[in-house]
There are 2 protein chains.
Amino acid sequence: MKKYLQIYRDLLSDIQSKKYQEGDLLPSDTKLVMQYTVSRETVRRAIKLLFDEGYIQTIRGKGSIVLNSDRVTFPFSRIESYKELVANNHLYSENDILQMTDHVDVPANLLFGAPALKAQRIVRRRVVNQVPTIIDYDYINEEVAANIPKQAALNSLFYYFEHDLGLKINYAIKHITVESADYDDLKYLDIDKHVPILVVRSETRLSDNRILSYTESRHRADKFSSVEFARRHE
Amino acid sequence: MKKYLQIYRDLLSDIQSKKYQEGDLLPSDTKLVMQYTVSRETVRRAIKLLFDEGYIQTIRGKGSIVLNSDRVTFPFSRIESYKELVANNHLYSENDILQMTDHVDVPANLLFGAPALKAQRIVRRRVVNQVPTIIDYDYINEEVAANIPKQAALNSLFYYFEHDLGLKINYAIKHITVESADYDDLKYLDIDKHVPILVVRSETRLSDNRILSYTESRHRADKFSSVEFARRHE
DNA sequence: GAGTGGTCTAGACCACGTT
DNA sequence: ACGTGGTCTAGACCACTCG
């Protein structure tokens with residue numbers, strides 16, 4: 001077990017359980033060094049992680065202040081599976097599989113500079129609190145994963161990729177726009193044609209930089225909300 | 001000058017100038033240690049920064065691969081001033097000041113757990129490539145900055161805060177939704193009432209955790225596009 | 001086996017805030 | 001003056017990729 005991750009998780013869990021509340025100071029570097037009997041750089045790695053993810057604010061000469069981190073909902077700047085999203089936000093949700101097709105072409109112009117690929121196409125609808133809210137079109141690179149079982153698509157593709165196939169998902173490039181509803185949006189989301197659609201098109205890559213999938217996620221914009229933590233650089 | 005930042009900037013500039021192209025390997029840690037005559041941890045700080053911001057992918061046993069980073073446009077996960085946005089995207093843009101008012105109340109329910117504050121209200125319109133595209137409502141905390149000159153609002157509030165006032169901007173919490181156009185949207189953006197508005201409401205904080213401002217940024221959604229780099233955690 | 005990145009140590013000096 | 005976080009050093013061992 002990586003030591004800095006253990007310290008990070010311990011502190012994070014204390015923040016999330018409100019043991020440390022907004023405005024509180026975390027234990028100082030020195031205290032954590034003694035408590036965990038590790039070197040200071042190791043402690044600082046854990047602190048840096050909490051800082052990067054917006055859980056704390058570090059102030060020199062003072063300490064590490066806990067910030068308000070009660071912000072979830074649909075994230076742009078991290079990869080989260082729909083299943084995780086539902087769990088984190090305590091939603092009630094159901095999935096339909098609308099289609100599963102093999103050997104579909106994904107043309108290069110949909111991807112961010114990557115060559116075209118053969119994929120398995122999976123179309124799913126997410127029903128949140130009884131309301132049809134999202135249609136996901138997933139194109140899974142057949143060179144990475146083929147013949148995906150229906151049950152994996154019903155449960156969570158990411159869970160299947162990570163736990164069953166042992167794939168390491170690394171990053172995605174997401175393109176966000178707002179568009180008009182198309183025929184299938186009207187049909188499957190049961191909306192009026194004036195309801196806008198927030199569209200997230202993303203290309204997901206593995207740790208070895210292979211393309212795992214291209215996904216188009218179409219959200220009823222009137223049901224959409226996102227909270228992001230943004231830092232100022234340099 | 002911080003050594004790791006110098007190394008970071010040198011490498012970043014080589015990436016952006018295409019000296020290192022997509023798929024190329026950066027010099028190894030060992031080479032950078034020799035080149036800059038610094039310790040390895042210092043090199044690794046620079047590499048970690050490039051990794052965190054999505055410029056490279058590190059692969060153990062192999063090296064640091066340069067990724068495609070031709071993605072700009074409106075960012076959610078970083079704080080960027082409108083002026084910087086325009087420069088990075090090579091847009092042609094003009095600003096109108098629609099209103100400047102002193103001593104406006106910002107009620108606590110607009111903020112993320114912070115108490116209400118007195119602010120200077122600045123309303124501006126951004127005209128991008130001749131098209132009125134964004135209306136920004138800024139509420140600047142009067143305890144931090146008061147009597148902001150008109151010229152600062154015309155040029156860049158962030159530039160004024162950072163360079164003229166010496167303030168250190170740290171982070172923001174942004175709330176993103178899609179809404180219908182209101183009366184002022186129709187009037188100042190000159191749009192049809194069916195054009196949706198992408199709304200970003202954000203609370204910006206300084207390094208000492210004081211609130212700098214609350215901002216509501218209303219974008220013509222049909223002109224909006226954003227590209228985000230997202231990582232998978234744990 | 002040689003080279004790569006990932007983690008860790010035990011020190012050190014500095015800038016800053018509080019007392 | 002003292003405690004805090006920020007940076008840096010000169011080592012070390014490990015897991016991994018590649019020829």
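How do α1(B) and α3(B) lie relative to each other: parallel, antiparallel, perpendicular or oblique? Keep that in mind, everyone, while we look at this predicted model.

Let's work it out together. Helix α1 of chain B, residues 3–16, packs with α3(B) at an angle of about 45°. Angles under 35 degrees count as roughly parallel, and 65 to 115 as roughly perpendicular. The two helices, α1(B) and α3(B), are therefore oblique to each other. Their axes are 8 Å apart, and the crossing is right-handed.

Who meets whom there? On the α1(B) side, you'll find residues including B:L5, B:I7, B:L11 and B:I15, and they face a group in α3(B) with B:V43, B:A46 and B:L50 among them. By class, this contact has 12 nonpolar, 1 polar and 2 charged residues.

Now let's turn to the DNA. Strand C is surrounded by 25 residues, and the closest are A:K3, A:T42, B:D29, B:E41 and B:R44. Here the classes are 3 nonpolar, 9 polar and 13 charged.

Which parts of strand C does the protein approach? Of the strand's atoms within 4 Å of the protein, 61% belong to sugar or phosphate, and the rest belong to bases. Here is an example of each kind. A polar backbone atom of A:K3 is 2.4 Å from a phosphate oxygen. The side chain of B:R60 has an N or O atom 3.4 Å from a sugar or linking oxygen. And B:R40 places a polar side-chain atom 2.8 Å from a base nitrogen.

One last thing to find on your screen: α3(A) gives the largest share of the surface near strand C, with 4 residues. Thanks for listening!

Definitions and conventions:
Residues numbered from 1 in each chain as written. Chains lettered and ligands numbered in written order. Predicted model: local features only at pLDDT ≥ 70, side-chain atom pairs only at ≥ 80, totals over all residues. Heavy atoms only, no water. Near = heavy atom within 4 Å. Polar contact = N/O pair within 3.5 Å; in protein donor to acceptor, adjacent residues only side chain to side chain. Nonpolar A, V, L, I, M, F, W, Y, C, P; charged D, E, K, R; others polar. Axes fitted to C-alpha atoms, helices over the stretch in contact; angles between N-to-C directions. Parallel < 35°, antiparallel > 145°, perpendicular 65-115°, else oblique. Left-handed = near helix turned anticlockwise from the far one by under 90°. Contact = heavy atoms within 4.5 Å.
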